[in-house]
Amino acid sequence: MTPVDMTDQAPRQRTAIVTGAARGIGAGVATRLARDGLRVAVVDLDETVCAGTVGAITLAGGTAAAFAADVNDEAAVGAAVARIAAELGPPTVLVNNAGIGGPNAGVEETSTEQWDAVTGVSLRGAFFFTRAVVPYMIEAGWGRIVNMSSISALGDSGRVDYAAAKAGLIGFTKSLALRLGRHGVTANAIGPGFVVSDMTRIAAQRRNRSFEEHQRIVAETIPVRRVGQPEDIGHTASYLVSPEAGFVSGQVIYVAGGPVD
């Protein structure tokens, strides 16, 4: 009996878009996907800040190019996706990673401007990019969407705006999975715990700690006794966008060094 190939038949050449990829988790994801053989569009507010990520990828033999886009600007997103498709090929992988975090504040202290800024980048930006990319995936009959949520989606008393945006991404992800599965498109979310990044560095500063001390203190609360690195998220994203993950959709994978409540 001939064995049945249970993996999805991905396009021969895959183009991935990773937003917020100039540094941190986004750079880690972009670098890993390029290592997997994907052409990677490194997207951030300014093309020049993407030089480090693009340079590291090309130096390692991968293919990447920088693209500027404000994810919260509908027209800018549409223009960027059209340019990516023309220069790198139709995108069939999308990682919505762009996000910002405002200062720690309770709901009564959170301004409307801060709420709009945080939810706009993380949630509205993911909507704009997804809406622009999905037609390419449907045409190809194959696609992978990964939305970067957070353990804060489970609740964060000091960052209600950030928690709401990251929780919203989970609902968005599950809705995409239900709607797009018939087209060969999966959608999943990753919920990072503490990962070394500019955002966690700022958190250390707010506590008047050195970043090294902050990491050591946090690591003591994590079951695996270390903090996360951007590469840890990249490994997970690599699986979720692979042909082998075709039966995984609508899921949230917490990458936090232990179980989360």
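**Sheet, helices and nonpolar cores**

In this predicted model, strands S2 and S3 run parallel and are joined by six bridges. Within this pairing, Asp44 stands opposite Ala68 in S3. The chain passes from S2 to S3 by way of helix H2, which spans residues 51-59, and the resulting β-α-β crossover is right-handed.

These two strands belong to an open sheet of seven strands, in which the order is S3-S2-S1-S4-S5-S6-S7 and the pairing is parallel. The edges are formed by strand S3 (63-68) and strand S7 (252-255), each of which pairs on one side only. On average, and with direction ignored, neighbouring strands of this sheet are turned by 20° against each other.

Strand S2, residues 39-44, is also joined to strand S1, residues 15-19, by five bridges, and this pair likewise runs parallel. Here Ile17 stands opposite Ala41 in S2. Helix H3 (residues 74-88) packs on the sheet, where it touches S1, S2, S3 and strand S4 (91-96), and the direction of H3 makes about 155° with that of S3. Helix H4 (residues 112-140) packs on the sheet as well, in contact with S1, S2, S4, strand S5 (143-148) and strand S6 (185-192), and its direction makes about 160° with that of S4.

Glu139 is found in helix H4, and this residue counts as exposed because its relative accessibility is 71%, where the cut-off for exposed is over 50%. The C-alpha atom of Glu139 is separated by 32 Å from that of Val255, a residue 116 places away along the chain.

In soluble globular proteins, nonpolar side chains tend to be buried together. In the present model, the largest nonpolar core comprises 30 residues, of which Val18, Val29, Leu33, Val40, Val42, Ile190 and Ile233 touch the most other members. Two or more residues are given to this core by each of S1, helix H1 (24-35), S2, H2, S3, S4, S5 and helix H8 (230-240), and H1 gives the most, with five residues. When residues up to four places away in sequence are not counted, Val40 touches Ala16, Val18, Ala30, Leu33, Ala34, Thr63, Ala64, Ala65 and Leu88. Apart from the largest core lies another, of 29 residues, which includes Ala69, Ala98, Val121 and Val133.

Terms used:
Residues are numbered from 1 along each chain as its sequence is written. This is a predicted model: local features need pLDDT of at least 70, side-chain atom pairs count only at pLDDT 80 or more; totals for chains, interfaces and linings use all residues. Side-chain values use heavy atoms; hydrogens and water are left out. Two strands pair if DSSP finds at least two bridges between them. Helices (H or I, at least four residues) and strands (E, at least two) are DSSP runs, numbered from the N terminus. Axes are lines fitted to C-alpha atoms, for helices over the stretch in contact, and angles run from 0 to 180 degrees between N-to-C directions. Contact means heavy atoms within 4.5 Å. A crossover is right-handed if, with the strands pointing away from the viewer, the path from the first strand over the helix to the second runs clockwise. Buried means under 20% relative accessible area, exposed over 50%, partly exposed in between (1.4 Å probe, protein chains only). A nonpolar core is a set of buried Ala, Val, Leu, Ile, Met, Phe, Trp, Tyr and Cys residues joined through side-chain atoms within 4.5 Å.
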